[in-house]
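User: Please take a close look at a single part of this model, the open sheet, and describe how its strands are ordered and paired. If the helices help to complete the picture, add them afterwards.

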Amino acid sequence: MKFIVKFFAEITIKSRPVRKAFIKQLRHNVKLVLKKHDADVVVSGNWDFIEVFSDKDELREEFTEALSNIAGIAHFQFVREFPLVDLDDIVEQAIVSYGDVIKDAVFAVRVKRVGHHDFTSVDAERHIGGCLKARCGALAVRLKNPEVLVPIDIRDNRVWMIEQRVEGLGGYPLGSQDSVLSLMSGGYDSTVSSFLTMSRGLKTHFCFFNLGGDAHEIGVKQVSNFIWEKYGSALNVKFITVPFEAVVGEILTKVDNAEMGVILKRMMLRAASQLMTEVGAKALVTGESVAQVSSQTLMNLKVIDQVTEELVLRPLITTNKQVIIYKAIEIGTAPFAASMPEFCGVISVKPTTRAKMHRVEKQESNFDFAVLERAIENAQVMSIQNVMDDVAKQYQGEVPVVRMPVGDEVIIDIRHPDEASNRPLKVSGRPVKVIPFFALESNWAELEKDVTHLLYCGKGVMSRMHASYLLGKGHENVGIYLP
């Protein structure tokens, strides 16, 4: 099995040293991601493309999915490689790959050629196209807008029969730029802004301010872990949890109602500015967009930013909300955002949209900054790889494992909606409910109390984690289904 990976166009116009560095980082990322599927995968690179080799043909679908989510790739091709004998041999190989596809269709052959041969690319296209039309029952050859394209690369004494082309994320390889710390609420905005920084090559760490709820923290951990698993190129990043309940209490009791929102954001930036050194970040990232809420007017943002000398990036600053939602749907974070618990403890009845620095500073003079310092000192920094283990630690007992249900158990497929839809779980004679893991707790009360529910996730890791959490919360009749 072989894939050819082509670089994002902006990489190819960089200076030679920068381009080499980007290619090296991309090659590293590709190998890091794919070796989770095949420890023996071979990834080699050169100036124009990266080649991926694996002996495990059955992993083609997994490789395709993984490569499509690695930043820095313009597109990649699944190719069948064979030695160059002559044009007639290429015809035979093309029939294997495209014979059934071009039957009763209008097609064209595209040949790219590198090296010295006794034929031109046009010669090859005419010969191969004519033979395919005569032997495969195609309707016609049409060079412009064909229904089926047969792409072939001839490189010296090798031939690549390109059987599939998949578009990539584009952008720069993750890790090729500096690190940033993204402030995560788990909603549409923060997840999309984090994705955008990651796809631009910025190694993105996550920071969550817990304003008073375990459910919210668990939700943010889940969506952060999802983004990292899918788009993080397996690079090790950190997740920081900051206990902000006491800070919220100070604001509610010491700050005038109109300035609460702005001051809360200023406290978050103060804390994040100190914590970013923990992960070597060079900038902070937020999901703010102009005028989306009261604290995000230009005047308020200016007042908020004055508490830090650090660079604050706002990838969504001029993006409409519906566009953000569409992007969240595309990258897979929308279901999380829609189910994310909300904390409404700091809501101004009449929030200011034109904050004045002297008023804000006067209100902050009532605030006990020792509370903020304690929150920063008590922040927890953990690897994103272990972030969900922290959830499971709340329950120390055994989680029942069922491999062959024999009673009235109901199986709950807790995988991400995309995965559950693409590979539906079917168990003979057994009811299966589909409840994504991030919606489990909110939906648990609606399930029958006297029936055992078995959680299924495929490999048993996520299901064990969430079963542990539910059991730790006092729920009964919970186990995991591990066929």
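Analyst: What follows treats the sheet strand by strand and then turns to the helices.

The model is a predicted one, and in it five strands form an open sheet in the order β15-β19-β18-β16-β17, with parallel pairing. The edges of this sheet are taken by β15, residues 401–402, and β17, residues 432–434, each of which has a single partner strand, so one side of each is left without a neighbour in the sheet. As a general matter, the strands of a sheet pair through backbone hydrogen bonds, either parallel or antiparallel.

Starting from the β17 edge, strand β16, which covers residues 410–413, is joined to β17 by three bridges, and the two run parallel; within this pair I411 stands opposite V432 of β17. Strand β16 also pairs with β18 in the parallel sense, here over four bridges, and in that pairing I412 is found opposite L455 of β18. Going on along the order, β18 is joined by three bridges to β19, residues 478–481, and these strands run parallel, with G479 in β19 as the bridge partner of L454.

Strand β18, spanning residues 453–456, can also be read through its side chains: H453 and L455 point one way while L454 and Y456 point the other way, and all of them are buried. In a regular strand, side chains alternate between the two faces of the sheet.

Among the helices, α11 (residues 321–331) has I324, I325, A328 and I331 buried. Viewed down the axis of α11, these buried residues fall within an arc of 130°, so they line one face of the helix, whereas Y326, I329 and E330 are exposed on the other side. In general, an α-helix has 3.6 residues a turn, so residues three or four places apart point the same way. Just after α11 comes G332, with a positive phi of about 95°.

A helix pair completes the account: α8 (residues 245–254) packs with α9 (residues 260–275) at an angle of about 150°, and their axes lie 10 Å apart. Since angles over 145 degrees count as roughly antiparallel, α8 and α9 are therefore roughly antiparallel to each other. The passage of α8 by α9 is a right-handed crossing, and the contact is made by V247, I251 and L252 from α8 together with M260, I263, L264 and M267 from α9.

Note on methods. Residues numbered from 1 in each chain as written. Predicted model: local features only at pLDDT ≥ 70, side-chain atom pairs only at ≥ 80, totals over all residues. Heavy atoms only, no water. Pairing = 2+ DSSP bridges. Buried < 20%, exposed > 50% of the residue type's maximum accessible area, 1.4 Å probe, protein only. Arc of directions from axis to C-beta. Axes fitted to C-alpha atoms, helices over the stretch in contact; angles between N-to-C directions. Parallel < 35°, antiparallel > 145°, perpendicular 65-115°, else oblique. Left-handed = near helix turned anticlockwise from the far one by under 90°. Contact = heavy atoms within 4.5 Å.
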